[in-house]
Amino acid sequence: MIKLRKWSDSLNVDAAVLAEELEELLLAVYEVSPWTAIQMEEVLRSDVNRCALAEDGSQLVGFLVWQETDFEAEVLQIAVLPSYQGRKIATALFDFLPADKEIFLEVRESNKPALLFYKKEKFEEIARRKAYYYAPVEDAIVMKREIHER
């Protein structure tokens, strides 16, 4: 059974250990991780960033990292292991996002499954960032979900 929880560094899991697990999950999803374990650890230790985890027993199967300020939030990364995709885990992780703030995110224009998911989650395209991503170079689609949209 999948269990969801919000992570904090006051829990028994060290940020460095979790960062390594997150990088491994990203490698399983993307083949080339967009973030290193060192970058993930820095993100986890930041006061403005939050992390929610999806676990099947002791196995990490998905996670969501977002940055939150007084007025808005931005999804920094979401990933679910391929063998667990299609089970609404990403939707459940998105329930951790604040309902009382605008939510922003960026996604590769070629990532059609993610674009479909975000549209189901009430995100709309608001802009494009030319050549934002590398390996391969491609545009980012900037998306936004309005306050109280779910």
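How many Å should the 16 residues of helix α1 span, and how far apart are its end C-alpha atoms? Helix α1 covers residues 15-30. At 1.5 Å a residue, α1 should span 22 Å, and its end C-alpha atoms are 22 Å apart, which agrees. Keep in mind as you read on that this is a predicted model.

## Helix α1 and the loop before it

Let's stay with α1 for a moment. Its buried residues are A15, L18, A19, L22, L25 and L26. Around the helix axis they cover an arc of only 125 degrees, which puts them on the same side of α1.

Just before this helix comes D14, a residue of the loop between β1 (2-7) and α1. D14 has a relative accessible area of 39%. It counts as partly exposed because buried means under 20% and exposed means over 50%. From D14 to Y30 is a step of 16 residues in sequence, and their C-alpha atoms lie 24 Å apart in space.

## Two more helices with a buried side

Which residues of helix α2 are buried? In this helix, made of residues 37-45, they are A37, M40, V43 and L44. The arc they cover around the axis is only 120 degrees, which puts them on the same side of α2. I38 and E42, on the other side of α2, are exposed.

Helix α4 (112-120) can be read in a similar spirit. Here the buried residues are A114, L115, F117 and Y118. Looking down the axis of α4, you find these buried residues within an arc of 160 degrees, so they line one face of the helix. Turned away from that buried side is a face with the exposed residues K112, P113, L116, K119 and K120.

## The largest pocket

A probe offers a handy way to look for gaps. Rolling a probe the size of a water molecule over the atoms shows where empty space is left. In this model the largest pocket holds about 1,400 Å³ of space. It is lined by 39 residues, and the closest to its centre are Y30, I78, N111, A114 and Y118. Two of these names may ring a bell: A114 and Y118 are among the buried residues of α4.

Which elements each supply at least two residues of this lining? They are α1, β4 (72-80), α3 (89-94), β5 (102-108), α4 and β6. Strand β4 gives the most, with seven residues. Sorted by class, the lining has 25 nonpolar, six polar and eight charged residues.

## A cavity

Pockets are open, so what about enclosed space? Searching the whole structure for cavities of 30 Å³ or more turns up one. The largest cavity has a volume of about 30 Å³. Ten residues line it, and P98, A99, R145, H148 and E149 are the closest to its centre. Its lining is made up of four nonpolar, one polar and five charged residues.

## Aromatic rings

How many aromatic pairs does a search of the whole structure find? The search finds six. In the pair formed by Y132 and Y133, the ring centres are 5.0 Å apart and the planes stand at 90 degrees, so the pair is edge-to-face. Y132 is partly exposed, with a relative accessible area of 41%.

Other rings form a group: F94, F117, Y118 and F123 are linked into a cluster by ring pairs. Here α4 appears again, since F117 and Y118 are buried residues of that helix.

## In and around strand β6

The stretch around β6 (124-133) has some details worth a look. K122 sits in the loop between α4 and β6. Its phi is near 75 degrees, a positive value in a residue other than glycine. With a relative accessibility of 38%, K122 counts as partly exposed. A131, found in strand β6, also has a positive phi, near 50 degrees, and is likewise a residue other than glycine. A131 counts as partly exposed at 47% relative accessibility.

Is A135 buried or exposed? A135 is exposed, with a relative accessible area of 65%. You will find A135 in the loop between β6 and β7 (138-145). A135 and E74 are 61 residues apart in sequence, and their C-alpha atoms are 23 Å apart in space.

Terms used. Residues numbered from 1 in each chain as written. Predicted model: local features only at pLDDT ≥ 70, side-chain atom pairs only at ≥ 80, totals over all residues. Heavy atoms only, no water. Phe/Tyr/Trp six-rings, centres within 6.5 Å; stacked < 30°, edge-to-face > 60°. Buried < 20%, exposed > 50% of the residue type's maximum accessible area, 1.4 Å probe, protein only. 1 Å grid on protein atoms, 1.4 Å probe; cavity = no way out; pocket = protein on both sides within 12 Å on 5 of 7 lines; lining within 4 Å. Points joined across faces, edges and corners; volume = space filled by probe spheres on them. Nonpolar A, V, L, I, M, F, W, Y, C, P; charged D, E, K, R; others polar. Helix = DSSP H or I, 4+ residues; strand = E, 2+ residues; numbered from the N terminus. Expected span 1.5 Å × (residues − 1). Arc of directions from axis to C-beta.
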